[in-house]
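Reader: I'm new to this one. Could you walk me through what sits where, and how you know?

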Amino acid sequence: MTVLRRSLLAAAAATLAAAAVAPAFAQDIRPRLIRFGYGLNEQSNQGRAVKVFAEEVERLSGGKMKIRAFGGASLGSDNQMQQALIGGAQEMMVGSTATLVGIAQEMALWDTPFLFNDVREADAILDGPIGEKVKARLEPKGLVGLVYWENGFRNLTNNKRAITRLEDLDGVKLRVMQNNVFLDSFRSLGANAVPLPFSELFSALETKAVDGQENPFNTIVSSKFYEVQKFLTVTNHVYSPWIVTVSRKFWDGLSAAEKKVLVDAAKKSRDFERKDTRDEAARALADLKARGMQVNALSPAEAARMRDRLTRVNASVATSVGMDLWQETQGALAKLRAK
Ligand code: TK8
């Protein structure tokens, strides 16, 4: 072996050894500034989880990747932010899956009234192959879905009257998300459903442009809807996920190590967020009562009537998401329920 050859080999061995010792990916992480938008305020469950995500990204990237968070829809409504992500003008956001249906219609699966009976079912389906499949539909459209967070089971508030029977909804002007399943659902219940972005909701309630809205307890507390809404009816009519998304234009320019930082931090934020949301939801009802909201639960008979009316939209959801995905979901839920 020549001296040159021997020293080349030695150098190669040294490089390998160094690679094994040094955090293999440190050199693949570059300084990055990530603008992360969300609709609720900083004091909400959404805001708290964004903070956990930001801290984790900084920690995992050794301070190189920084999240600049923008709450309260200060970068725009869910729909506006989605377009900014697709165009590459914003890097990340979290928002309702319901507002993504215009981009990937399979997202309508999550809008199915009474799809999940409890959070165990929601976690299993969202984090399993079906949730992955639906998430993957965003990629050809310019968005990368990382994880689902819990928005939660939705309940009805309004200013007109306590909703004790289906007929009480007649003529109630109810804000819904910009989504056809929600629109159809509440129209079929007799309400005068009006689609509006969340960012316009508080003032619409305050100015009485609408009579009511529906959202999880957490949001009714954190967005102070109790200040402008008198009646709360516990309906749990649908479980809403949030989804953390990245601009595909930005994502495609990241190294494998940088992508891993975002994925790992997103999973950590998800686990934190679900626990935090559930803890808060468990306290929220008492909180809302204490703040003066008049709360009622539907009688079992009225709940069944509402459920029956609402599940009439199932056929249209099945058509928009595709019969295969619909049946796969029903099958997976049946299996979970048999356990
Ligand atoms: C926040 C929304 C909100 C949703 C809605 O941006 O619009 O009612 O429940 O959480 O995504």
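**Cavities and the ligand**

Author: Sure. This is a predicted model, and it holds 2 cavities of 30 Å³ or more. The largest cavity has a volume of about 220 Å³.

Reader: Why is it called a cavity rather than a pocket?

Author: A cavity is a space where a 1.4 Å probe fits but cannot get out, whereas a pocket is open, so the name tells you the probe is trapped. The largest cavity is lined by 22 residues, with Leu40, Asp78, Ser96, Arg175 and Phe198 nearest its centre.

Reader: What takes up the space of the largest cavity?

Author: The ligand does.

Reader: What makes the link between the ligand and Arg154 a polar contact?

Author: The cut-off is 3.5 Å between N or O atoms. An N or O atom in the side chain of Arg154 is 3.0 Å from a ligand oxygen atom, so the pair qualifies. Polar side-chain atoms of Asn215 and Trp242 also lie by ligand oxygen atoms, at 2.7 Å and 2.9 Å respectively. As for cover, the protein hides 98% of the 310 Å² of accessible area that the ligand has on its own.

Reader: Which classes of residue make up the shell around the ligand?

Author: There are 4 nonpolar, 4 polar and 3 charged residues. Met177, Asn151 and Asp78 are among the residues around the ligand.

Reader: How do you know where the ligand lies relative to domain 1 and domain 2?

Author: Domain 1 (30-99 + 117-150 + 241-282) and domain 2 (155-239 + 283-338) both give residues to the shell, so the ligand lies between them.

Definitions and conventions
Residues numbered from 1 in each chain as written. Predicted model: local features only at pLDDT ≥ 70, side-chain atom pairs only at ≥ 80, totals over all residues. Heavy atoms only, no water. Near = heavy atom within 4 Å. Polar contact = N/O pair within 3.5 Å; in protein donor to acceptor, adjacent residues only side chain to side chain. Areas by Shrake-Rupley, 256 points an atom, 1.4 Å probe, with all protein chains shown as cover. 1 Å grid on protein atoms, 1.4 Å probe; cavity = no way out; pocket = protein on both sides within 12 Å on 5 of 7 lines; lining within 4 Å. Sits in = over half its atoms within 2 Å of the grid points. Nonpolar A, V, L, I, M, F, W, Y, C, P; charged D, E, K, R; others polar. Domains from an automatic or database assignment. Points joined across faces, edges and corners; volume = space filled by probe spheres on them.
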